Amino acid sequence: MEALAAAAASRDEIEVDDNQLGLGNPPVMNPEEDDISLYNSQSPQSSLGSESSTNVRTEHMNRSSNLLMATVSVGDDPNKKKIIEQASEAMEELIKMASKGEPLWQSKGNSEIESLNGFQYLREFGSVDATMEEIIRMVEVGEPQSSLLSGTQDMPTSSSKPEFEPLHIEASREIGFFNMSPSSIVELLMDLMTAEFHLSTPLVPARQSHFARYCRKLDERTWGVVDVSLENLFPNTQVKFLRRPSGCLIQEMHNGSSKVTWVEHVEVDNRSVHPIFRSIVSSGFAFSAKRWISMINRHCQWLATSMARTTPTDDFVLIPQPGRESLLKLAEKMTRNFFQNISSSTENSWLRLPKNIGAEDIRFRFGDAVVVPGKPLASCTIVYTTTIRLQIPTKTLFDFLRHEHSRTQWDLLSKEKFVGELAYVKNGENPENRVSIIQVNSSPSKIEILYLQESFRDETGSYVVYAPIDIFAMSMILSGGNPNFAAILPSGFSILPDNPPGQGEEGSILTIAFHCTDSLSTEKNIPYETLKTIDGVLTTTAASIKDAVIAYRSKWKFTRKRSNRFRTRRTTCNGA
């Protein structure tokens, strides 16, 4: 998919120059005139969970203080002008949405989550006449308005299509602080342009969108980055996802860090969402502004980890700096492949396991071939997954699955073996967020398996991703070798809350996924034995986790109660 990129327009008139491809030296900009330069480039796929992304080099960021990029190629001048006009209007709406408080944004009870006041939004950004204003006022105070509504056929909405079901509106706002300059965050966001948005599960359909991303330097210390939907350029398509003006304001703080206020505002058809995910998706939590803030925070933590000096682990294991860098790059590659493998991306063709073989909610698909430079392609690979709900907090489940001491309770390859963490690199301030080398021994002196594992947790969810790696490859990596020469098939877990924060007792939605080679299968045929194996591995693993976490939670509660009693006694003695 091609990408359209441009600098933004002047306040009065726009001049378009299609000869500038953005590949040479940045032009000298007249500070009194913001000319616009359009260039088209092939967009590489480099961002997590995306179908289309656009890499923006630093010199492109320096072309001017304005940049407009789109996920589609629209070559004719009328379309270019429409996009430019829409982008300018979207930026103005974003500034207001990010800056204003009540009554536009309202808090939900005692929680920190804000919700958009739809009526106030209509007043400020819609077309509201006297009749509509009276209807809104009567609804707000709870008066009957049926007589007025009977004479009003349509509400002002950008997606009103009588022949389709109305789209569900999701809106959220989140603020984050990052030890990163505004220009670096802008560059990151222009680099992570996606045409699809999805969760780490095949049970929630990907949200496909044509949109433009526009950035503008608003003043000396503030940038704006806004997405504007281009669905109106494709009037014959049935719209299931529409991105209203969404994005962020980035303000430079006095200490060189940045304050980011993100606004996420979309219209979406959620009817195809699996019931197990319906609560967190329909509430807006699954694709909320908090997820974007978490993404930037995760990127900052990863940068800090990759640039930090090597220090010994708690067990005084020291990984040399070149080996540390190679290990982190391999872990990044593994985790990126894991999320691409289990998403509902249009590139992933998922199949259901036949009912006469096993569980109904098992999905599988053919995975990508294992490519290692200089070596022949491996046999066919298969990705298979299932999702279960557990009445256990996400933190407890995450701790159980990431910890090497509990691995023998769910990992079929580690049963009745000795498992230990050989070395690790912490990712950020939370010691639970780490890249680990897990060693599985059949006897104290014989290594059976080495796993590379990454575990990470934040407010939006958790994941534990791992892959077996042979001893020779791991030795090469720890010596600073090229991670591209290491074959890796990631498996793991994605953990999400089963309800939005503050709405009922917290449980967990656990997605289990495995990726393995199968010499018996081809892309045209999967034998019955392989399908039975898929069912057996997933159902056995899910059952083992269910049984183990119940015992794990009871033990955790008992230990916590004993600890609290001891703390109470000690306080009493000290006070006596």
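Start by selecting His265: this residue is buried, with a relative accessible area of 0%. You are looking at a predicted model, and His265 sits in strand E14, which covers residues 258-268. Now show what surrounds this side chain. Beyond its neighbours within four places in sequence, His265 is in contact with Glu93, Met97, Leu116, Tyr121, Ile169, Glu170, Ala171, Arg243, Arg244, Pro245 and Ser246.

From that list, pick Glu93 next. Glu93 belongs to helix H2, residues 77-99. Is Glu93 buried or exposed? With a relative accessible area of 12%, Glu93 is buried, because that value falls under 20%. Setting aside residues up to four places away in sequence, Glu93 touches Tyr121, Phe125, Pro245 and His265. Display the side chains of Glu93 and Tyr121 together, and you will find a polar contact of 2.7 Å joining them. Then try a distance label between the C-alpha atoms of Glu93 and Ser246: they are separated by 8.9 Å, although the two residues are 153 apart along the chain.

Follow the chain out of H2 and stop at Pro103, in the loop between H2 and strand E5 (105-107). Have a look at the bond between Glu102 and Pro103: this peptide bond is cis, with omega at about 5°. Another backbone feature to visit is Glu416, in the loop between helix H10 (394-402) and strand E18 (418-426). Glu416 is not a glycine, yet its phi is positive, at about 60°. For context, most residues other than glycine have a negative phi, and most peptide bonds are trans. Glu416 counts as exposed, at 82% relative accessibility, because that is over 50%.

E18 brings you to a sheet, so switch to cartoon view. How many strands does this open sheet have? There are nine, paired antiparallel in the order E15-E16-E17-E23-E22-E21-E20-E19-E18. At the edges are strand E15 (351-352) and E18, each of which pairs on one side only.

Zoom in on strand E19 (residues 434-443) and strand E20 (residues 446-458), antiparallel partners joined by nine bridges. A hairpin of two residues connects E19 to E20. To check the register, select Asn441, which stands opposite Ile447 in E20, and then Gln439, which stands opposite Leu450 in E20. Carry on to E21: E20 and E21 also pair in the antiparallel sense, over eight bridges, and again a hairpin through two residues makes the join. Here Tyr451 stands opposite Pro468 in E21.

Next, bring in the helices. Which strands does helix H8 (residues 289-307) touch as it packs on the sheet? H8 touches E18, E19, E20 and strand E21 (461-468), and its direction makes about 130° with that of E20. Helix H11 (residues 471-478) lies across E19 and E20, running at about 55° to E20.

Finish by colouring the model by confidence. The mean pLDDT of the protein is 75, and 70% of its residues reach 70 or more. Select residues 1-64, where pLDDT stays under 50 and the model has 138 contacts beyond four places in sequence. Then go to residues 562-576: pLDDT stays under 50 here too, and the model has zero contacts beyond four places in sequence for this stretch. Where pLDDT is low, the predicted coordinates should not be read in detail.

Key
Residues numbered from 1 in each chain as written. Predicted model: local features only at pLDDT ≥ 70, side-chain atom pairs only at ≥ 80, totals over all residues. Heavy atoms only, no water. Helix = DSSP H or I, 4+ residues; strand = E, 2+ residues; numbered from the N terminus. Buried < 20%, exposed > 50% of the residue type's maximum accessible area, 1.4 Å probe, protein only. Contact = heavy atoms within 4.5 Å. Polar contact = N/O pair within 3.5 Å; in protein donor to acceptor, adjacent residues only side chain to side chain. pLDDT = per-residue confidence, 0-100. Pairing = 2+ DSSP bridges. Axes fitted to C-alpha atoms, helices over the stretch in contact; angles between N-to-C directions.
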